[in-house]
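User: I am new to this structure. Could you walk me through it in a few short exchanges?

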Amino acid sequence: MNGSDTLATTTSLCPDCLETVPGRYEEREGGVFLTRECPDHGSASRQVWGSLDHWEWAADFGPTPEYDGGDLTVDPDHACLAIVEVTEGCNLSCSYCFASSGPGGAHRSPEEIDALLDTVADAGGRPIQFSGGEPTIRDDLPDLVERARSKGIDHVEVNTNGIRLATEDGYAGSLADAGVTAVYLQFDGLTSETYERIREVDLVEEKHAAIEACRSADLPIVLVPTVVPGVNDHEMGDIVRFALENRDVVRSVNFQPVAHFGRYERNDGRFALDDATRLLAEQIETLDPRDMLPAPCCSAYCQIGTAFVPRDTDPSDVGNSDIDRSDDRGCGDECADVDSFVPLTQYVDDRLWDTLSGLVDEGDYMELLAGTAAGEEWACKTAGCCGIDVPGGVEGLFDEVVPVSFTGFMDADAADVNRLNNCCLSVPTTEGELVPFCGYNMTTEDGDYALRNRNDWGGRTTVEDPQPPSETTVGYRGDGTTTDGGCTPDESGDGCDR
């Protein structure tokens, strides 16, 4: 390879063994590839960015981290969000799952979860997300939420497929009463075909029912689509429009282009963030790819986003709680033209964004995306300090604004230890450490969770680990019923899971 093709060097990981090896970014045919050499497994090269021009533009934003040679742990002050896995079980067996979970997976004990929460609390009580597996299959989830809040953790999300929210009356209210601040709702699209291909069951009705349940419980929702090229990438624009139509309860959208780890470890071609952004811009008339600006804390190549705001907001209406917006809820083609919403970059240019990014406390950033009261308070304070001119002022703007972001999870194909060393999404361990989410979930081409195994971080060891026999976690048919499997109380006394 000609030396002039090298754009930058880094510390990388071999996709076969996840051992550290030298890596280099190279330009090929207008795109960017990450190439590395392993003494045991030879050369590997994967495309990680679709456009060199966009890659160089993004480099001007955010930090440029360097691996310090130490252990891969997350600085507590740098942890935007801690992912607390409470179960390996799930009521689905999706085609794509970083956790490789499914029916029959074991629950973590309350004592182990307590230790994980203590790790987060000792790190300053950063925002957390209860995840799994599917956390709502645990009947004691509201108790776990209360336990987290009692430890000084003020922002508690629940990452869920929404089935229990949709099928059990009052469940959304019980989560809200326990102290859940946002629901991170798996939402891959608006068509049955999408769910059948990604989740292996039609869940369209359940998704809408879950949203209605959260609306009734006044529980904010973040829509989280896993985007698979050729499956649902054409629905991204419609998902944004759906979010804008339901912005009284849907506070943001976080697209997650599928990564090659967990139950999708094979390399079928990378859906780079810039490619995904360009495709979304083709589906939304008011959006330009460079309206999606890099996030402030991790890396310009980890997360990009914007916020959609009304082009012609009436200043007297912004933040006016007396305005009846009930007609805007889920009204489809009868809604006002959602393409009249424009990206925030109409009011905030690249340089001001970079300035604002430096003012964001990293816990507040997750609050901002989730549309919580704390996030709104931060937005108002920052806008006031910096003199941002938003139509009608910032107070109450969350009634109208919907942030939209892309998160590019780092798998072995894109492994850059510099970026991994600066990861702001963490997983707590019982040993008191916060470790990088992408490192925790990264799998080799053989399906081994090599980093977590090597560092004793816990969790499954391989994608193909057999699920332990269990009668307490059952699958979901998609017709309002579950597969057989019974329901018996477990040894901890948590009762029957659904």
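The questions below go from the whole chain to one helix pair and then to the nonpolar cores.

User: How many helices and strands are there in the chain?
Analyst: This is a predicted model. The chain has 498 residues, and 58% of them count as buried. Its elements are 15 helices and 17 strands.

User: What share of contacts between residues at least 6 apart in sequence join residues at least 24 apart?
Analyst: Take the contacts in the chain between residues at least 6 apart in sequence. Those that join residues at least 24 apart make up 70%.

User: Are α3 and α5 roughly parallel or roughly antiparallel to each other?
Analyst: Helix α3 covers residues 141-150 and helix α5 covers residues 171-178. Their axes lie 8 Å apart, at an angle of about 20°. Angles under 35 degrees count as roughly parallel. Therefore α3 and α5 are roughly parallel.

User: Which residues of α5 meet α3?
Analyst: α3 passes α5 in a right-handed crossing. From α3 come Leu141, Pro142, Val145, Glu146 and Arg149. By class, the contact has six nonpolar, one polar and two charged residues. The α5 residues are Tyr171, Ser174, Leu175 and Ala178.

User: Which helix gives the largest share of the largest nonpolar core?
Analyst: This core has 103 residues. Among those touching the most other members are Ile128, Phe130 and Leu280. The largest share is six residues, and they come from helix α8.

User: What does Leu280 touch, not counting residues up to four places away in sequence?
Analyst: Leu280 is a member of the largest nonpolar core. With those sequence neighbours left out, Leu280 touches Met236, Gly237, Val240, Phe255, Leu287, Val404 and Phe406.

Terms used: Residues numbered from 1 in each chain as written. Predicted model: local features only at pLDDT ≥ 70, side-chain atom pairs only at ≥ 80, totals over all residues. Heavy atoms only, no water. Axes fitted to C-alpha atoms, helices over the stretch in contact; angles between N-to-C directions. Helix = DSSP H or I, 4+ residues; strand = E, 2+ residues; numbered from the N terminus. Parallel < 35°, antiparallel > 145°, perpendicular 65-115°, else oblique. Left-handed = near helix turned anticlockwise from the far one by under 90°. Contact = heavy atoms within 4.5 Å. Nonpolar A, V, L, I, M, F, W, Y, C, P; charged D, E, K, R; others polar. Core = buried A, V, L, I, M, F, W, Y, C linked by side-chain atoms within 4.5 Å. Buried < 20%, exposed > 50% of the residue type's maximum accessible area, 1.4 Å probe, protein only.
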